Amino acid sequence: MKEQLFNVLLVEDNLDHAELVIRSFSEHHLGNAIHHVQDGEAALDYLFHRGSFSDAATYPIPDIVLLDLRLPKVDGLEVLKQIKANKSLRLIPVVILTTSAAEIDLVKAYEDYANSYLVKPVDFDKFSRLMSDLHVYWLDWNQHV
Amino acid sequence: MTKGVGLEAQRPFSIIVSLRLYLFLIIAVVSVIASALVLVNEAAKTKGDFETKAETSVRYLGSILELPLWDLDPATVAIIGDALFRDEDIASLRITAVRGRIFYEKSRPEKADIAKAVTIKHEGEEIGQAEVALTYRNANSRVLDFLAKMLAAMIVIVLLTIFLASRLIRVFLRDPLDYLTRVVSSYAEGRYPAGTGEFPIVEFKAFDEVLEGMASRILGQLSDMKGLNAELEESASEKDELIHDLHNSEAHYRELYDGVPIGLFRTTPDGRFVDANPPMVALLGFEDRANLDTVCLQDMYADKSDYELWKSTMDSESSLQNMEFRLRQRDGSLCWVRNRTHVVKDSEAQAIGYEGCLEDITVLKSAEAEQKKLIAELESKNAELARFTYSVSHDLKSPLITIKGFLGYLEKEAKEGNFDDFGEDLARITNAVDRMQSLLLELLELSRIGRIENEKVLISFEKIATEAASLVEGRLQERNVKVEIAHNLPSVFGDASRLREVVVNLVDNAAKFMGDQGNPRIEIDTRTDDGETVFFVRDNGIGIDPRYHKRIFGLFERLNPNTEGTGMGLTIVERIINVHGGRIWVESEGIGKGSSFCFTLPDVPVANDEYGVV
């Protein structure tokens, strides 16, 4: 496995959860850049280089988006829709990472072309393993455009 | 004018009387003519005779008097004169001699009709003259005698003739006519002496044949008529039966027509009522069938477009079923009806009106509406519950993940002997637990609204606002926020502590989102929108993007994840207002423009001693 620097966009309103993701993510892959935004509006601003995210060098287009569904302002599903509606952004794998295991969310997410749907496990070990596997699968094994 | 020959009004005419009259006249005329002829003939003969007689007489005198006159012997002349004068036909006799000496002169008083004179000569010498005048008198009286005798004979003949004629008429005319009359009468009376055959008078043979033919035809027709009559009687009895049945079914029909609980009607093409049963009359809000004469069904449609649809359907389809629309009753109230109509046509397929029924489905409709409302309510409750469950499961799980996650790190760090982040991680866990606790408390609170209610009272909103402001005094002072509560705010009817909670939440929110406003201010006041009182809590804080005006009332919704609170405040506020029957919304032109939280509350019920102003 080659070591490569990846850009990850983490869209997560809960700061504690974001901390958990960032920590487990970066435990073994220190080279990755994780860009964290707290709501849907900020996520779209980041991806479209709008407002305070207009500097494309500081805020590069990510290799993967980790997207929570329940977000302030613009909902996670709306963010997903806008990503997948954009010709170049739709190439980015969007992994839904949410506390919701509701079927309606699952179906809606896949309808809007989510690439993967993951439910945050309550259990710490499982959470750590999911994060590790997620990294291995999506960033190491998975081929990016 | 179609006046047939022989049918003209004629005077009654009797053959016998006429016959008698004409016979009498003929005989009389013949008798008169005959008598006249005889009379004329007799008169002529008498005249001729007298001429001759007069001639003879004077000639006789001429010859016989020659000598006496020559001798101038008056005695002999007198004897001769007297002898002649004895004849009574001689009216006068004069014998004169020469120089006018009268030898003889005698006369009778009778008129002289013929006069003759002769000159008496002796050896050519005139010696005298004789004049004789005759009268018809005697001859006339003879003629008159004859006439009288003849008249008598004629009268006898006439009487005889009349008598004979009468007898003849009786025997040859009257009796046969009477016979004929009797025969015809018997036919006329319906007695048909069939096969009389022996008609005693040859001339009536033709009558007999005609009558017999007629009789046989009449008999034939009579027997036909008997058959027809029998048939007629039969059909008449059938007809009676039918009429009876018809009356029965008419009565049944009427009973049904009037008895069904559905309005039945028949109208003219322009909607005037021809017939209507009592439910129909009642449906339109009238008491009596006669009232309907003044109204037109099409004028009673509450919605003209319903009538137009009805009319166009009837025009194209000739009938319609189960069309539902509203009618305006006489008193103006509306009722829902279900209609079924068809066009009534006459025998020539001409539309002569409409016939149909109207069913009052107002109750059904309101039940339907009620049902729809209940279903909608239930659906919205269900959706709310689903959202609630979803939000709760999601948001209650979040702190658990945090707690478990950081506990895991704590354990790991403890094992590794690395305590750099220990305090921070522990704080995260404590916060998550606190958050969990407040979530649970507020969820419990939310579930209580509408379920556990305090008594509703009439209370001044100014009082509620003042109390609420004092409850958040701490935060207001901390941020130097000024609260202005309008005076003379209206009274509201509701749960005082819940309404206070609403104002507390709104004022607290306003204070929380003041941003870097240098002169933070909150106004509590009312305004009137379309006659409705709108309460509002207005601030000059950071404002809210119009995109999020709806979302902010959702459960656990927070526009900024970093602000304190569970995201349940506005959910609770909305719930309280809804439970009171009001609406709540936010008005804000956007970021930096401040925001107004507006809500309505139903009108205060009519003041009652029961509800004292608190």
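**Notebook: chains A and B**

I began with chain A and read its elements from the N terminus: they run β-α-β-α-β-α-β-α-β-α. That comes to five helices and five strands. I note here that the model is a predicted one.

**Chain A, sheet**

I looked up how the strands are ordered. They form an open sheet of five strands, β2-β1-β3-β4-β5 in chain A, and the pairing is parallel. β2 (33-37) and β5 (116-119) of chain A are the edges; each has a single partner strand, so one side of each has no neighbour in the sheet. I noted an average twist of 20° from one strand to the next.

I then checked one pair inside this sheet. Strand β1 (residues 7-11) of chain A is joined by four bridges to strand β3 (residues 64-67) of chain A, and the two run parallel. Across this pair, Leu9(A) is opposite Val65(A) in β3(A).

Which helices pack on the sheet of chain A? I found α2 (residues 40-47) of chain A touching β1 and β2 of chain A, with its direction at about 135° to that of β2(A). I also found α3 (residues 76-85) of chain A, which touches β1, β3 and β4 (94-98) of chain A; its direction makes about 160° with that of β3(A).

**Chain A, totals**

Chain A has 145 residues, and 40% of them count as buried. I took the contacts in chain A with a separation of 6 or more: 66% of them are between residues 24 or more positions apart.

**Contact between the chains**

How many residues does each chain give to the contact? I read 19 residues from chain A and 18 residues from chain B. On the side of chain A that touches chain B, the elements that give two or more residues are α1 (15-26) and α5 (124-141) of chain A. I sorted that side of chain A by class: six residues are nonpolar, five polar and eight charged. For the complex, the predictor gives an ipTM of 0.89 and a pTM of 0.52.

**Chain B, a sheet of four strands**

In chain B I looked at an open sheet of four strands in the order β2-β1-β4-β3, with antiparallel pairing. Its edge strands are β2 (102-107) and β3 (114-122) of chain B, each pairing on one side only. I noted that the twist here averages 15° from one strand to the next.

Seven bridges hold together the antiparallel pair of β1 (residues 90-97) and β4 (residues 125-134) of chain B. I found Arg94(B) opposite Glu131(B) in β4(B). Helix α1 (residues 15-64) of chain B lies across β3 and β4 of chain B and runs at about 20° to β3(B).

**Chain B, helix α10**

Which residues of helix α10 (residues 461-471) of chain B are buried? I listed Phe461(B), Ile464(B), Ala465(B) and Ala468(B). They lie on the same side of α10(B), because they cover an arc of only 95° around the axis. This fits the helix rule: with 3.6 residues a turn, residues three or four places apart point the same way. Among the elements that cover the buried residues of α10(B) are β10 (457-460), α12 (496-512) and β13 (521-529) of chain B.

**Confidence in chain B**

Chain B averages a pLDDT of 85, and 96% of its residues score at least 70. I marked residues 1-7 of chain B, where pLDDT stays under 50 and the model has one contact beyond four places in sequence. I also marked residues 608-614 of chain B, again with pLDDT under 50, for which the model has 10 contacts beyond four places in sequence. Where pLDDT is low, the predicted coordinates should not be read in detail.

Notes:
Residues are numbered from 1 along each chain as its sequence is written. Chains are lettered from A and ligands numbered from 1 in the order in which they are written. This is a predicted model: local features need pLDDT of at least 70, side-chain atom pairs count only at pLDDT 80 or more; totals for chains, interfaces and linings use all residues. Two residues are in contact if their C-beta atoms, placed from the backbone, lie within 7 Å. Ala, Val, Leu, Ile, Met, Phe, Trp, Tyr, Cys and Pro count as nonpolar, Asp, Glu, Lys and Arg as charged, and the others, Gly among them, as polar. Two strands pair if DSSP finds at least two bridges between them. Axes are lines fitted to C-alpha atoms, for helices over the stretch in contact, and angles run from 0 to 180 degrees between N-to-C directions. A residue is buried if 20 or more other C-beta atoms lie within 10 Å of its own, exposed if 12 or fewer, and partly exposed in between; C-beta atoms are placed from the backbone. The arc is that of the directions from the helix axis to the C-beta atoms. pLDDT is the predictor's confidence in each residue, from 0 to 100.
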